[in-house]
Amino acid sequence: MKIAKASVIVTSPGRNYVTLKVETDEGICGLGDGTLNGRELAVASYLTDHVIPCILDRDPFQTEDIWQYLYRGAYWRRGPVTMSAIAAVDVALWDIKGKALNTPVYNLLGGKSRDGVLVYGHAGGKDVEQALEDVARHKEMGFKAVRVQSGIPGLAATYGIPNASGRYEPAERGLPPEYEWSSELYLRHVPKLFARAREVFGDELHLLHDCHHRLTPIEAARLGKELEPFHLFWMEDPTPAELQESFKIVREHTTTPIAAGEVFNSIWDAHDLIRNQWIDYLRMSLVHGGGFTAMKKAADFAALYHVRTGFHGATDLSPVTMAAALHFDTAIHNFGIQELMPHSEETDRVFPHQYAFRDGMMVPGDGPGLGVDLDEKLAARYEYQRAYLPINRKLDGTLTDW
Ligand code: CS2
Ligand code: MG
């Protein structure tokens, strides 16, 4: 079997997605996601102009060799654009393998290790009580794990809080909006949020929180320590991770579990974090981490150090990545949890899929390949729309981490 054709489809059913469709000479099609939020067209061009010409006529079963060819062969290694493009190819080829062998992708990754994948949903509100109402709504829907974010008294708007439409979307159309930030106000507020959450919901519900890379290591250490009585499932991205050793400071002060990695694109971004056991959960995703071929190795490496996976699953990762993640989560031994931010109905219509949510868990479906499709006619109706993540400034105007 040979790769006969490959094309990139950019569509915007509510938000932008970049999808690679690979077709073989035997008529089998595979899909891969190459969406990089706010930088989508760079990946589309990388694929169309530089990658597709190099993969035509190759054997789609040779995922290891093709991965190495695109990674080592390019000379310029790593980076989110490169790795998202490699992931799109890799995931599409695994989809083809599954379809050619008439088996779900999880069977190619080791088979089922569990019946369902534990997922966490996003609860948010402009203040504590509104956030708790949203937690209650998630509990009613069946969620066993919920991430909780709330507005901070004294700050006009902050990360993860639903907008006027009632949804929180990571990216807004037009140029980047600006949010304001104060670590002081945030640190004062968050322990109160979780104290109330435990008071109202008791001990059983898993609670998570995302700090979104905004604290210094010692501030993160303080927060982790103050959250200890509320037994969080994890505290995410407590501090930026370029300097991996800063996690040592956080780790040495607190037993609150730590998750990091949604912005990583290579295992080298997490090498020290893992081998020093400074984190508990690796958030790298299949789309930004280079696909199944790379992430299987990353997960196996993490397993040696008791680190489990907790893949990124915000709406800017397309249903193709969600399907791929669920196959991966079903198969690997050191799975921890999967993020689930449901896509809009428009997006789900463009990407019909087999995966489903049942009683706080997700299942990938048992059809061949990934079990996700792309309705190209419908996709063509939604043109690309420029959109960006917000940027963040301290109260004195200094640009800070988003
Ligand atoms: C977030 C995301 O889901 C998460 O944990 O941090 O909302 C993130 O900001 C976006 O996916 C970035 O594209
Ligand atoms: Mg996050």
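Axes here are lines fitted to C-alpha atoms, and angles run from 0 to 180 degrees between N-to-C directions. The model is predicted.

**Exercise 1.** Describe how helices α2 and α10 cross, and state which residues meet.

*Solution.*
1. The axes of α2 (residues 63-71) and α10 (residues 291-303) come within 9 Å and cross at roughly 95°.
2. Angles of 65 to 115 degrees count as roughly perpendicular, so α2 is roughly perpendicular to α10.
3. From α2, Thr63, Glu64, Trp67 and Gln68 meet Thr293, Ala294 and Lys297 of α10.
4. Sorted by class, this contact of α2 with α10 has two nonpolar, three polar and two charged residues.

**Exercise 2.** Locate the partners of the salt bridge between Glu169 and Arg15, and say whether each is buried or partly exposed.

*Solution.*
1. The side chains of Glu169 and Arg15 meet at 2.7 Å, N to O.
2. Glu169 lies in the loop between β5 and β6 and Arg15 in the loop between β1 and β2, so the pair ties together parts 154 residues apart in sequence.
3. Buried means under 20% relative accessible area. Arg15, at 7%, is therefore buried, whereas Glu169, at 22%, is partly exposed.

**Exercise 3.** Place the salt bridge of Glu236 with Arg283 in its surroundings.

*Solution.*
1. The closest N and O atoms of Glu236 and Arg283 are 3.0 Å apart.
2. Glu236 lies in strand β9 and Arg283 in the loop between β11 and α10, so this pair ties together parts 47 residues apart in sequence.
3. Glu236 has a relative accessible area of 0% and is buried; Arg283 is buried, also with 0%.
4. Through shared partners, salt bridges join Glu236, Glu262, Arg283 and Glu339 into one network.

Notes: Residues numbered from 1 in each chain as written. Chains lettered and ligands numbered in written order. Predicted model: local features only at pLDDT ≥ 70, side-chain atom pairs only at ≥ 80, totals over all residues. Heavy atoms only, no water. Helix = DSSP H or I, 4+ residues; strand = E, 2+ residues; numbered from the N terminus. Parallel < 35°, antiparallel > 145°, perpendicular 65-115°, else oblique. Contact = heavy atoms within 4.5 Å. Nonpolar A, V, L, I, M, F, W, Y, C, P; charged D, E, K, R; others polar. Salt bridge = Lys/Arg side-chain N within 4 Å of Asp/Glu carboxyl O. Buried < 20%, exposed > 50% of the residue type's maximum accessible area, 1.4 Å probe, protein only.
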